[in-house]
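User: I am in my first year and would like a close look at one part of this model, namely how its aromatic rings pair up and what lies around them. Please take me through it slowly and in connected sentences.

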Amino acid sequence: MKNHSGILPSDITPKEVFEKRRQLIKLAASGAFGLANAAIFSRAAFAQNTQLTAKPNPKYFLTDKLTSYKDVTNYNNFYEFGTDKSDPAKYAHTLKTKPWTVSVEGLVNKPKTWDLDSLLKLAPMEERVYRFRCVEGWSMVIPWVGYSLSHLIKASEPQGSAKYIEFISLADPKQMPGVNNRVLNWPYTEGLRLDEAMNDLSLLTFGLYGEVLPNQNGAPIRLVVPWKYGFKSAKSIVKIRFTDKEPATSWKVSAPYEYGFYSNVNPLVNHPRWSQATERRIGSEGGIFAPKIKTLPFNGYADQVAHLYKDMDLRKFY
Ligand SMILES: Nc1nc2c(c(=O)[nH]1)N[C@H]1C(S)=C(S)[C@@H](COP(=O)(O)O)O[C@H]1N2
Ligand SMILES: [Mo]
């Protein structure tokens, strides 16, 4: 399908779309921007999802090349829709993201069932470019949209006894065919220590590439914890529970010798079946033959988070 400019959408890479949109926002802000341009670059011509307005946070800008929108949205782990990387993009259209609520419960003074709209308005949306590394040894660089999880934690007023937070994903076999497969114990459950969850890097995430999250990336609300392996970043969250005990997380329950509660990216602690010293950037030139790059401690975020673990043996608490 051609748009007003006669350019095939498929001729334009997601990165170009993203940069065009950025230019547009600047133009719009300067007022030097007519209707003709608006039609050419309108979101109807390019975007697949509704836009989400967010202010880039310069603190979380990276010079690394962004992973393309296509790779970010077609190479996924979301076992509720199957275990192949291509399954979520193929099957997640059955996920119904409206209406959506997230119930906050447990050791808080302000338990509440939030509807998505009130969560969207809780704090200003930011765009943050984060490195994202899967425990399988691949990584991406993704412009996420969301705000620090600390905003929701503060609004919930945790009690003094709250030490951990548990994140629970939707597990509805009617919408999620993969839930019939007992690869993991459903619902997908993840967790963080309260101080980890309060760290500014922990992002309550609603979008990527300036759009609302595609279903395959965990719509309409997920977590992104960039210094931990990707599986800590739970998708399509329906429940957030404050507890005094370490939550039983799905991956740890399934394979306790392979996956621990902490799961900090650590090139010095190998997975029992493979090394964690290097990683492959998805989509980088060379494809699967691309040179591997060195994995950084805490995925490159040591300055912000290493202090959280200063008295801990990270070989023991993997
Ligand atoms: N509910 C749920 N959340 C999940 C998963 C999952 O299977 N189910 N997979 C995890 C894993 S292993 C990774 S690497 C990331 C992948 O996120 P992405 O597909 O947006 O890159 O989501 C994480 N969150
Ligand atoms: Mo992962």
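Analyst: In this predicted model, the count of aromatic pairs comes to 16. One of them is formed by Tyr130 and Tyr301, whose ring centres are 5.9 Å apart and whose planes make an angle of 75 degrees, which is an edge-to-face arrangement. Where do Tyr130 and Tyr301 lie along the chain? Tyr130 belongs to strand 4, residues 126-133, whereas Tyr301 is in the loop between strand 13 (293-294) and helix 10 (302-305), so their pairing ties together parts that are 171 residues apart in sequence. Tyr130 counts as buried because its relative accessibility is 0%, and Tyr301, at 4%, counts as buried too.

A second pair, Phe231 with Trp251, is tilted, with 6.1 Å from centre to centre and 50 degrees between the planes. Phe231 sits in the loop between strand 10 (222-224) and strand 11 (237-243), while Trp251 is part of helix 9 (residues 250-254), so this pair links parts that are 20 residues apart in sequence. Are Phe231 and Trp251 buried or exposed? Both residues are buried.

Aromatic residues can also gather in a group, and one aromatic cluster here is made up of Tyr164, Phe261, Tyr262, Phe298, Tyr309 and Phe317. Phe261, a member of that cluster, also has a charged partner, for the charged end of Lys232 sits over its ring at 4.4 Å from the centre. Tyr301, which we met in the edge-to-face pair, has a charged partner as well, since Arg131 lies over its face, 5.3 Å from the ring centre.

From the pairs we can step back to the nonpolar interior. In soluble globular proteins, nonpolar side chains tend to be buried together. In this model the largest nonpolar core holds 79 residues, and those with the most contacts inside it are Trp144, Phe167, Phe206, Trp227, Ile240 and Phe242. Strand 5 (residues 138-148) supplies the largest share of this core, namely seven residues. Phe167 is a good residue to follow in detail: leaving out residues up to four places away in sequence, the residues that Phe167 touches include Leu149, Tyr188, Leu192, Leu223, Ile237 and Ile240, and also Thr189, Glu190 and Lys239.

Another buried residue to look at is Gln276, which lies in the loop between helix 9 and strand 12 (278-281). Gln276 has a relative accessible area of 2%, and therefore counts as buried. When neighbours within four places in sequence are set aside, the residues in contact with Gln276 include Arg133, Val135, Tyr229, Asn266, Pro267 and Thr295. Gln276 is also 9.8 Å from Leu296, C-alpha to C-alpha, with their positions 20 residues apart in sequence.

Finally, the whole chain gives these details a setting. The chain has ten helices and 13 strands, and buried residues make up 50% of its 318 residues. Among contacts between residues at least 6 apart in sequence, 72% join residues at least 24 apart, and the pair of Tyr130 and Tyr301, with its separation of 171 residues, can be read against that setting.

Note on methods:
Residues numbered from 1 in each chain as written. Chains lettered and ligands numbered in written order. Predicted model: local features only at pLDDT ≥ 70, side-chain atom pairs only at ≥ 80, totals over all residues. Heavy atoms only, no water. Phe/Tyr/Trp six-rings, centres within 6.5 Å; stacked < 30°, edge-to-face > 60°. Helix = DSSP H or I, 4+ residues; strand = E, 2+ residues; numbered from the N terminus. Buried < 20%, exposed > 50% of the residue type's maximum accessible area, 1.4 Å probe, protein only. Lys NZ or Arg CZ within 6 Å of the ring centre and 35° of its normal. Core = buried A, V, L, I, M, F, W, Y, C linked by side-chain atoms within 4.5 Å. Contact = heavy atoms within 4.5 Å.
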